[in-house]
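Reader: I'd like a close look at one part of this model, the ligand site. Could you walk me through what holds the ligand there and what sits around it?

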Amino acid sequence: MRKKMIIGNWKMNMTPNECKSYINFIKNKIDAALEDNDIILCVPSVDFIDALKCVENTKIMIGAQNIYFEKKGAFTGEISIRMIKELGINYTILGHSERRNIFSESEELINKKVRAAVENSINPIVCIGESEKQNSKFSAARFIKIQTGNVFVSINTQQAKKITIAYEPVWAIGTKSTPTLERIQEVCYEIRNNIVNLYGQLISEQIRIIYGGSVDSKNIKEIINLPDVDGVLVGSASITPEFISIVNYQKT
Ligand code: PEP
């Protein structure tokens, strides 16, 4: 059975002091939820050390928001896999729509990062999803199929199992509007179906597919319980006290 996951994407928010106060505030309030769900806070890299210290002796995990695919060298401003691994970080978001749209990351670059991650035992959470313009049913399905294929280029079966796909329709991010539950299930099912075509049924059933885009404490339960949805990626609500109710969704 696939374990559910709840990922917080802090984006460019929270100084180290704010990070410490926030994690210390939430950590004892989400204990029970950690038995059944993987909770991963993807924090800015300046917060790694403090965040890791704060989650010691809890099951909360800390992840990165991005990495570069090269091992080391003249890549000003980037962080490497070796750097996060040395700290004990095993997860990173890759290909978030903000990386794709604001920083012009191409499908090819994202695939290089995914490959570097899985070759070095890092579990990438790779974001895909249609924009507002592609939001007619047919073109979105075609677009998502192409994006899914591009994520898995040159990835072998064992490596594929480390990847989580986050379906994040760009038009739903930070907008307080979500697709219908039927639509979320349909797209996540389609993504799994694309993975069946690439790696077969057995592997497709082991890969986690999560949903992201305006998840809050009111809609999480219905979304996370959809058959092909194995978790959620939470942006804006992951830096507020509401995150506690999101993580504790089973209690409502
Ligand atoms: C995100 O940026 O990945 C995201 C899901 O944001 P929000 O929850 O704010 O829509």
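Author: Let's start with Gly235: one of its polar backbone atoms is 2.8 Å from an oxygen atom of the ligand, a polar contact here being a pair of N or O atoms within 3.5 Å. Two side chains join in: a polar atom of His96 lies 2.8 Å from a ligand oxygen, and a polar side-chain atom of Ser236 lies 2.6 Å from an oxygen atom of the ligand. The protein covers 99% of the 290 Å² of accessible area that the ligand has on its own (Shrake-Rupley method, 1.4 Å probe).

Keep in mind that this is a predicted model, where local features need pLDDT of at least 70, side-chain atom pairs count only at pLDDT 80 or more, and totals for chains, interfaces and linings use all residues. Residues are numbered from 1 along each chain as its sequence is written, and side-chain values use heavy atoms, with hydrogens and water left out.

Now the shell: 14 residues surround the ligand, and Lys11, Gly174, Ser214, Gly235 and Ser236 come nearest (near means a heavy atom within 4 Å). By type, the shell has four nonpolar, eight polar and two charged residues; Ala, Val, Leu, Ile, Met, Phe, Trp, Tyr, Cys and Pro count as nonpolar, Asp, Glu, Lys and Arg as charged, and the others, Gly among them, as polar.

How values were computed
Polar contact = N/O pair within 3.5 Å; in protein donor to acceptor, adjacent residues only side chain to side chain.
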